[in-house]
Amino acid sequence: METTNKSESHPILLVLFWAYVLIPLGWGVYQTFKKAMALFQ
Amino acid sequence: MSGFFSKERITASHGYNRWLIPPAALAVHLCIGQAYAFSVFNEPLTRILGVKESLPEDWKLTTIGWIYSLAIVFLGLSAAFGGKWLEKVGPRRTMFTAACCFGGGFILSAIGIKLHQIWLLYLGYGVIGGCGLGLGYVSPVSTLIKWFPDRRGMATGMAIMGFGGGAMVGAPLSVMLMKHFHSDTSTGVMETFAVMGVLYFTSMVIGSLAIRIPPPDWKPAGWTPPTEEKKMVTKRHVHIDQALKTPQFYLLWLILCLNVTAGIGILGQASVMIQEMFKGRITPEAAAGFVGLLSLFNMGGRFVWSSASDFFGRKNTYFLFFALGTFLYSMLPNFSSEGNILLFIAAAAVILSMYGGGFSTIPAYLADIFGTKYVGGIHGRLLTAWSTAGVLGPVLVNYIREYQVAHGVAKADAYTTTLYIMACLLATGFVCNLLMREVHEKHYMRHDQVDDDSLNG
């Protein structure tokens, strides 16, 4: 079976790709957390 | 073009870093998770013509409600029918198709809003978008299981956590966009749909481009597959069609369906429930905060519980879900009558974390029982349990409550019966899980059948 042998696993790529999904997720969690805090005020 | 999407093209080299796969899956699940936040559009969609207030010609809430219901039904149908196709063509083509359906569904709905044609929204977000939801949901899950044979639960938990998180991104993003595009002549919903369609399409395509499948003989560095076959974790494979002939498939279907129905029992009416059960002590703002808190636990539970199931075992994890869930549901009316808000909130939060955990642990449970080869397709068919619970759950809960209120039961007490019924559903789930055994010998594929199928697939 033919496989892709290019180096696709550069650490910077890894960090960038994780940041790409975690930044919007973190923003969403922060917005929800702010809303949830109203319960304890 | 077909080569670009082929399984051969996306088969990674042995040195490929498997930690690039979870963000590819998250890029898709964070988008399709928006479905949970669809309700933010409900009210603005009722005043498309009137803008400031609803006109008689504007759509009614009951008319709009069908958009989400259709999307959930088509999620289940497309996952059930598309799962087998996914195993044949691989995750890149399926994820790309999901991106076209989900993004395209938003764009078609935007046109529907512009022309004020509700059937375009039913077709756009409901049917086509729903197909995008189903295909997008199942496509990265089996790939993750193959990349993380040592941590199946954690791997599926990461992706399915994204689905829970998608609503947290989708809801404030929609509100922000609607505010931005709002004018004297527009509610801003049409423009928001168009922008979100483009955004979600782009993000899902990025996920589909990044996805890779492991080479056939690949295993994680330093990991040796256990030499002895663990009880309830098979090394063999059951074909998708054969899986439907096993009692295990139907037991797992019931397990998922009951767990989801019970979770919806709280999630669907959390805001009203806490305000009525603690009358005068919980403001509408605090109730909205309660819903937010439950969403956080729903999302966190998806990762935490499925990761924990790698250590406890899948069957034990579901035992805990059902036993603890039954106990906590039965205690909620007591906490309410004692006026103990803190315990009520804590119990509801734990229940919701197990609701999320039930979603994310099920693919790993399927892989343990039926093997990893066709887990994507089998998972797709099992998701019809979610569609069933998504439609029946709220109906069941609302009808029981309405019936009681109509028969003179106080609003605060009307929830008691509902909560006890939810506890009974979870107790039934406990029995289903208790009945789970390994698949009978006759259902497994022979080695030559697995190899033949690999060549054809």
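Which residues is A:Ala36 in contact with, leaving aside its neighbours within four places in sequence? In this predicted model, A:Ala36 is in contact with B:Gly289, B:Gly292, B:Leu293 and B:Leu296. A:Ala36 lies in helix 1 of chain A, which covers residues 11-36. The residue has 21 other C-beta atoms within 10 Å and is therefore buried, since 20 or more such atoms are needed for that class. Within chain A, A:Ala36 and A:Leu25 are 11 residues apart in sequence, and their C-alpha atoms are 16 Å apart in space.

Chain A has 1 helix and 0 strands. Of its 41 residues, 22% count as buried. The unreviewed UniProt entry lists residues 12-30 of chain A as "transmembrane region". In the model, residues 12-30 of chain A are 100% helix and 0% strand, and the C-alpha atoms at the two ends of this stretch are 26 Å apart. The contact between the chains takes 25 residues from chain A and 29 residues from chain B. On the side of chain A that touches chain B, 15 residues are nonpolar, 7 are polar and 3 are charged.

Chain B contains 18 helices and 0 strands. Its C-alpha trace spans about 65 × 50 × 35 Å along the principal axes. The radius of gyration of chain B is 22 Å, which agrees with the value near 23 Å that a compact globule of 457 residues would have. Buried residues account for 54% of the 457 residues in chain B. Of the contacts in chain B between residues at least 6 apart in sequence, 82% join residues at least 24 apart.

Two domains are assigned in chain B: domain 1 covers residues 2-210 and domain 2 covers residues 240-443. Taken over C-alpha atoms, the centres of domain 1 and domain 2 of chain B are separated by 23 Å. The contact between them draws 32 residues from domain 1 of chain B and 31 residues from domain 2 of chain B. On the side of domain 1 that touches domain 2, the elements of chain B giving two or more residues are helix 4 (61-89), helix 6 (118-147) and helix 7 (152-181). The residues on this side of domain 1 of chain B comprise 16 nonpolar, 11 polar and 5 charged.

B:Gly164 is found in helix 7 of chain B. With 28 other C-beta atoms within 10 Å, B:Gly164 is buried, because the class begins at 20 such atoms. Not counting residues up to four places away in sequence, B:Gly164 touches B:Gly33, B:Asn298, B:Met299, B:Arg302 and B:Gly356. The C-alpha atoms of B:Gly164 and B:Ala35 are separated by 9.8 Å, although the two residues are 129 residues apart along the chain.

Helix 10 of chain B comprises 21 residues, numbered 247-267. At 1.5 Å a residue, this helix should span 30 Å, and its end C-alpha atoms are 30 Å apart, so the expected and modelled spans agree. Helix 10 of chain B is mostly covered, with 17 of its 21 residues buried.

Two loop residues of chain B were examined for their backbone geometry. B:His116 has a positive phi of about 50 degrees although it is not a glycine. B:His116 is placed in the loop between helix 5 (91-115) and helix 6 of chain B. The count of other C-beta atoms within 10 Å is 14 for B:His116, so this residue is partly exposed. B:Met232, likewise not a glycine, has a positive phi of about 70 degrees. The loop that holds B:Met232 lies between helix 8 (189-210) and helix 9 (240-243) of chain B. B:Met232 is partly exposed, because 16 other C-beta atoms lie within 10 Å, and the partly exposed class falls between the limits of 12 or fewer for exposed and 20 or more for buried.

Methods
Residues numbered from 1 in each chain as written. Chains lettered and ligands numbered in written order. Predicted model: local features only at pLDDT ≥ 70, side-chain atom pairs only at ≥ 80, totals over all residues. Helix = DSSP H or I, 4+ residues; strand = E, 2+ residues; numbered from the N terminus. Rg over C-alpha atoms; globule rule 2.2 N^0.38 Å. Contact = placed C-beta atoms within 7 Å. Nonpolar A, V, L, I, M, F, W, Y, C, P; charged D, E, K, R; others polar. UniProt positions renumbered as here; feature names shortened; annotations may be inferred. Expected span 1.5 Å × (residues − 1). Domains from an automatic or database assignment.
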